[in-house]
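Visitor: Hello! I am new here and would love a tour.
Guide: Welcome! Let us bring the model up and take it question by question.

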Amino acid sequence: MKLICANFKMNLLKKDILNYLKTIENVRKKNLVFFPSIPYIEYFKEKNYVVGSQDISYKNFGSLTGDTSIEQLKELGASYTIIGHSERREFYNDSKYVNQKISLALKHDFKIVLCIGENLKEFESSKTLFVLKKEIDEAFSNNLDMINESNLIIAYEPIWAIGTNKIPTSEVLKSTIYQIKNYILENYNLDLKVLYGGSVNLENIEELEKISEIDGYLIGGASLSPEKFLTLINKVN
Ligand code: PGA
């Protein structure tokens, strides 16, 4: 069964979350992880969903105004965290902290969804694999003895596909994900799962489902409406 991650980003208010939970009541909980904004993590936990944070602070505690520590997130019920989402890499200089965040998350027994992906310029100049390998190497250095197949999942998200309704062709996606897996296996001796993220929606899910290399999805925009999300996940094997 594939892993489906719903990344709400900075969307939805309390009333929407309560309505969401009501709409998805009785839905299979297995292999479904919700990443709401921090104030709503507890709501998902209370209903026994697996829940995660969209980011963590790179430090455990201290004078970091506006940050939330992993231990605080754990208290709310989070057991997963996304690390290195391209929006955080772009707006908060997160590439600098990915390595430390991974280390902290693993020490606290969190499961990590590590996002990697190239921008349009890099894609068009055939630098995709170069960028992905660099992001993997940066994330894995010093952390290798703690990473295993069950605590770290890669999310391949081409930046140019996020929120744009454009996705790579099936051949490109198949080959890129195959190469990510192969690189990690050959260089780190790890057989990691790789999710696809970037404009996953009702129009393309059937095509994506034909790509056997994809182990699940990280879904942003299409996870915001509970009705649409339910229709979407029903199409995932
Ligand atoms: P999207 O976002 O599905 O809206 O493209 C995916 C993501 O950024 O995780």
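**A guided tour**

Guide: Let us begin with helix H5, residues 98–107, which is mostly covered, as 8 of its 10 residues are buried. Keep in mind that this is a predicted model.

Visitor: Which residues of H5 are buried?
Guide: Helix H5 spans residues 98–107, and a residue counts as buried when its relative accessible area is under 20%. The buried ones in H5 are Val98, Asn99, Lys101, Ile102, Ser103, Leu104, Ala105 and Leu106.

Visitor: What do the buried residues of H5 pack against?
Guide: Helices and strands both take part. The helices are H3 (70–76), H4 (86–92) and H7. The strands are S4 (80–83), S5 (111–116) and S6.

Visitor: Which residue with a positive phi follows H5?
Guide: Here we look at the backbone just after the helix. The phi angle there is positive, near 60°, and the residue is Asp109.

Visitor: Is Ser57 buried or exposed?
Guide: Ser57 sits in the loop between strand S3 (50–53) and H3. Its contacts beyond four places in sequence include Lys101 and Leu104, two residues that are also among the buried ones of H5. The cut-off for buried is under 20% relative accessible area. Ser57 has 4%, so Ser57 is buried.

Visitor: Which backbone nitrogen does the side chain of Ser57 reach?
Guide: Besides the contacts with Lys101 and Leu104, Ser57 touches Leu64, Asp67, Thr68 and Ser69. Its side chain also reaches a backbone nitrogen at 3.2 Å, that of Lys59.

Visitor: Is Asn151 buried or exposed?
Guide: Asn151 is in the loop between helix H7 (128–140) and strand S6 (152–156). Leaving out residues up to four places away in sequence, Asn151 touches Leu106, Phe110, Lys111, Ile112 and Met146. Its relative accessibility is 12%, so Asn151 counts as buried.

Visitor: Which backbone oxygen does the side chain of Asn151 reach?
Guide: One of the residues that Asn151 touches is Met146. The side chain of Asn151 comes to 2.9 Å from a backbone oxygen, and that oxygen belongs to Met146.

Visitor: Which helix gives the most to the largest nonpolar core?
Guide: The largest nonpolar core has 61 residues, and those with the most contacts inside it are Phe34, Leu114, Phe140, Ile154 and Tyr196. The helix that gives the most to this core covers residues 170–188 and supplies 6 residues, and that helix is H8.

Visitor: How many residues does the second, separate core have?
Guide: Its members include Phe35, Ile82, Cys115 and Leu218. Leu218 is also one of the residues that Tyr196 touches. The second core has 12 residues.

Visitor: What is the relative accessibility of Leu114?
Guide: Leu114 is in strand S5. Beyond four places in sequence, its contacts include Ile83, Val98, Ile102, Phe140 and Ile154. Leu114 counts as buried because its relative accessibility is 0%.

Visitor: How is Asn182 classed?
Guide: Asn182 belongs to helix H8. Residues from 20% to 50% fall between buried and exposed. With a relative accessibility of 27%, Asn182 is therefore partly exposed.

Visitor: Is Asn189 buried or exposed?
Guide: Asn189 lies in the loop between H8 and strand S7 (194–197). Although not a glycine, Asn189 has a positive phi of about 55°. Exposed means over 50%. At 64% relative accessibility, Asn189 is therefore exposed.

Visitor: Which residues come nearest to the ligand?
Guide: The ligand has 13 residues around it. By class, this shell holds 4 nonpolar, 7 polar and 2 charged residues. Those that come nearest are Lys9, His85, Glu157, Gly163 and Ser199.

Visitor: How much of the ligand does the protein bury?
Guide: A polar side-chain atom of Lys9, a residue in the loop between strand S1 (3–7) and helix H1 (14–23), lies 2.7 Å from an oxygen atom of the ligand. Backbone N or O atoms also come to ligand oxygen atoms, at 2.7 Å for Ser199 and 2.8 Å for Gly221. Taken alone, the ligand exposes 280 Å², and the share of that buried by the protein is 95%.

Methods:
Residues are numbered from 1 along each chain as its sequence is written. This is a predicted model: local features need pLDDT of at least 70, side-chain atom pairs count only at pLDDT 80 or more; totals for chains, interfaces and linings use all residues. Side-chain values use heavy atoms; hydrogens and water are left out. A residue is near a molecule or strand if one of its heavy atoms lies within 4 Å of it. A polar contact is a pair of N or O atoms within 3.5 Å; within protein, one must be able to donate a hydrogen and the other to accept it, and residues adjacent in sequence count only if both atoms are side-chain atoms. Accessible areas come from the Shrake-Rupley method with a 1.4 Å probe; for residues, only the protein chains shown count as cover. Ala, Val, Leu, Ile, Met, Phe, Trp, Tyr, Cys and Pro count as nonpolar, Asp, Glu, Lys and Arg as charged, and the others, Gly among them, as polar. A nonpolar core is a set of buried Ala, Val, Leu, Ile, Met, Phe, Trp, Tyr and Cys residues joined through side-chain atoms within 4.5 Å. Buried means under 20% relative accessible area, exposed over 50%, partly exposed in between (1.4 Å probe, protein chains only). Helices (H or I, at least four residues) and strands (E, at least two) are DSSP runs, numbered from the N terminus. Contact means heavy atoms within 4.5 Å.
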